[in-house]
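Here are some notes to read alongside the structure. Keep the viewer open and follow the points one at a time.

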Amino acid sequence: MAGKRLSVGLFVDDKQFQSGLKRAATSLKKFGKTVAQTGMTLSTSLTLPIGIAGVASIKMASDFEESLNKTRVAFGDSSSDVEAFAKTTLTNFGLAEGSALDMASMFGDMATSMGLTQKQAGGMATSLVGLAGDLASFKNIGIEQAETALAGIFTGETESLKKLGIVMTEANLKQFGYNKNMTQAEKIGIRYKAIIEATKNAQGDYSRTSDGVANSTRTLTESVKELSTDFGTMLLPLASKLIAKGQELVNFFRNLSTEQKETILQVAGVVAVVGPLILIIGKLVQVLGMLGGSIRTINMLMESLAKAIALNPMTSLITATIALVGIL
């Protein structure tokens with residue numbers, strides 16, 4: 001019985017097929033671009049700022065804790081009075097609680113190191129913190145400049161005070177009972193009295209002018225600090241847990257054997273290659289996509305090649321190879 005062969009012809013409209021592929025690729029490209037742009041916008045507009053704000057809040061909360069600890073060490077049993085005072089400084093002197101504690105602890109350290117008791121240091125420090133806020137308002141200067149000038153009470157440095165119009169020479173101090181034979185603590189007490197007397201006009205200036213633009217701006221800035229510290233305080237427990245877990249991970253890797261560490265490095269090397277490899281594959285796919293429009297040309301070339309090889313195999317093979325390389 002003679003065999004019969006069934007032939008099935010498959011005809012594809014190459015032009016229509018390529019047009020459909022092109023439209024699909026264009027749509028996918030636009031969609032991918034839109035998604036990428038949306039992700040980038042959300043990352044830069046929301047994720048990044050929120051992350052930065054969170055880190056800044058944690059930093060401020062940490063700084064507040066450090067200032068509070070310094071205050072309790074500097075003033076001992078009298079620290080509760082200083083802490084209570086610091087809770088009022090934002091309204092009365094335009095200073096956030098943390099800023100007031102930090103300044104007070106600095107003045108307190110200097111006072112106790114020169115012979116004043118912690119109770120005396122607490123009363124003097126809170127007075128000077130308030131005076132710094134008033135001087136900054138009255139002289140329209142930064143709070144740091146006022147703080148540096150008032151530190152001259154403990155160091156005897158007068159140049160910074162002169163810039164604020166406060167003259168503190170031995171002749172001026174003698175009217176308050178100053179003499180060279182006094183102890184350091186007694187000299188500090190005399191300088192303190194002299195400065196309080198010399199700054200009468202500035203005292204209470206912040207409260208009097210708190211509605212002005214300059215002081216309102218300072219209050220807003222310090223209020224943001226307090227708000228950020230409040231949020232940071234809530235985030236500190238989480239940050240502490242993350243830091244602890246991170247330390248555990250570091251300790252784990254440090255305790256690995258040399259062979260285990262070498263294995264990790266080898267795996268890391270493989271992972272490092274994955275990215276470039278995927279990039280190369282992506283580029284090859286793009287090349288193949290571009291070749292899609294030349295399918296008909298390649299088919300015609302292959303048909304011509306088959307006929308040419310039948311006539312002159314070697315020459316035709318070399319010519320066809322060069323042509324294919326050129327297309328690729």
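1. A word to settle before anything else: two residues are in contact when heavy atoms of theirs lie within 4.5 Å. With that in hand, look at where helix 2 meets helix 4: Val82, Glu83 and Ala86 on the helix 2 side touch Glu97, Ala100, Leu101 and Ala104 on the helix 4 side. Sorted by class, this contact has 5 nonpolar residues, 2 charged ones and no polar ones. The two axes come within 8 Å and cross at roughly 140 degrees, and the crossing is right-handed.

2. Now step back for the overview. Please remember that this is a predicted model. The protein has 15 helices and 0 strands, and of its 328 residues, 28% are buried. Take the contacts between residues at least 6 apart in sequence: 64% of them join residues at least 24 apart.

3. Go back to Glu97, which sits in helix 4. Is Glu97 buried or exposed? Its relative accessible area is 16%, and buried means under 20%, so Glu97 counts as buried. Leaving out residues up to four places away in sequence, Glu97 touches Phe64, Ala86, Lys87, Thr89 and Glu226. Ala86 should ring a bell, as it was among the helix 2 residues in point 1.

4. Helix 4 has another partner, helix 6. These two pack at an angle of about 15 degrees, with their axes 11 Å apart. Angles under 35 degrees count as roughly parallel, so helix 4 and helix 6 are roughly parallel. Met103, Met106 and Phe107 from helix 4 make the contact with Ile143, Glu147 and Leu150 from helix 6. By class that comes to 5 nonpolar residues, 1 charged and no polar. As for handedness, helix 4 passes helix 6 in a right-handed crossing.

5. Phe107 deserves a closer look. Which residues does Phe107 contact, leaving aside its neighbours within four places in sequence? The list is Ala125, Leu128, Val129, Glu147, Leu150, Ala151 and Phe154. Try selecting Phe107 and finding these partners in the viewer.

6. That leads to the largest nonpolar core, which has 47 residues. Phe107, Leu128, Val129, Leu150, Phe154 and Ile195 are the ones that touch the most other members. Two or more residues come from each of helix 1 (14-75), helix 2 (79-86), helix 4 (97-113), helix 5, helix 6 (143-150), helix 7 (152-155) and helix 10. Which helix gives the most to this core? The answer is helix 5, with 9 residues. As background, nonpolar side chains tend to be buried together in soluble globular proteins.

7. Follow helix 5 (residues 118-139) across to helix 10 (residues 184-198): they pack at an angle of about 30 degrees, with their axes 12 Å apart. Helix 5 and helix 10 are therefore roughly parallel to each other. This crossing is left-handed. Met124, Ser127, Leu128 and Leu131 of helix 5 meet Ile188, Tyr192, Ile195 and Ile196 of helix 10. The class count here is 7 nonpolar, 1 polar and no charged residues. Leu128 and Ile195 were both named in the core of point 6.

8. Just past helix 5 there is something odd to check. Asn140 lies in the loop between helix 5 and helix 6. Although Asn140 is not a glycine, it has a positive phi of about 55 degrees. For context, most residues other than glycine have a negative phi. Asn140 has a relative accessible area of 62%, so it counts as exposed.

9. Last, two pairs that link distant parts of the sequence. Met234, in helix 12 (residues 213-254), is 176 residues from Ile58 in sequence, yet their C-alpha atoms are 8.6 Å apart in space. Met234 itself is exposed, at 63% relative accessible area. Glu65, in helix 1, is 164 residues from Thr229 in sequence, with 9.7 Å between their C-alpha atoms. How accessible is Glu65? Its relative accessibility is 44%, so Glu65 counts as partly exposed.

Definitions and conventions
Residues are numbered from 1 along each chain as its sequence is written. This is a predicted model: local features need pLDDT of at least 70, side-chain atom pairs count only at pLDDT 80 or more; totals for chains, interfaces and linings use all residues. Side-chain values use heavy atoms; hydrogens and water are left out. Axes are lines fitted to C-alpha atoms, for helices over the stretch in contact, and angles run from 0 to 180 degrees between N-to-C directions. Helices (H or I, at least four residues) and strands (E, at least two) are DSSP runs, numbered from the N terminus. Angles under 35 degrees count as roughly parallel, over 145 as roughly antiparallel, 65 to 115 as roughly perpendicular and the rest as oblique. A crossing is left-handed if the near helix is turned anticlockwise from the far one by less than a right angle, and right-handed if clockwise. Ala, Val, Leu, Ile, Met, Phe, Trp, Tyr, Cys and Pro count as nonpolar, Asp, Glu, Lys and Arg as charged, and the others, Gly among them, as polar. A nonpolar core is a set of buried Ala, Val, Leu, Ile, Met, Phe, Trp, Tyr and Cys residues joined through side-chain atoms within 4.5 Å. Buried means under 20% relative accessible area, exposed over 50%, partly exposed in between (1.4 Å probe, protein chains only).
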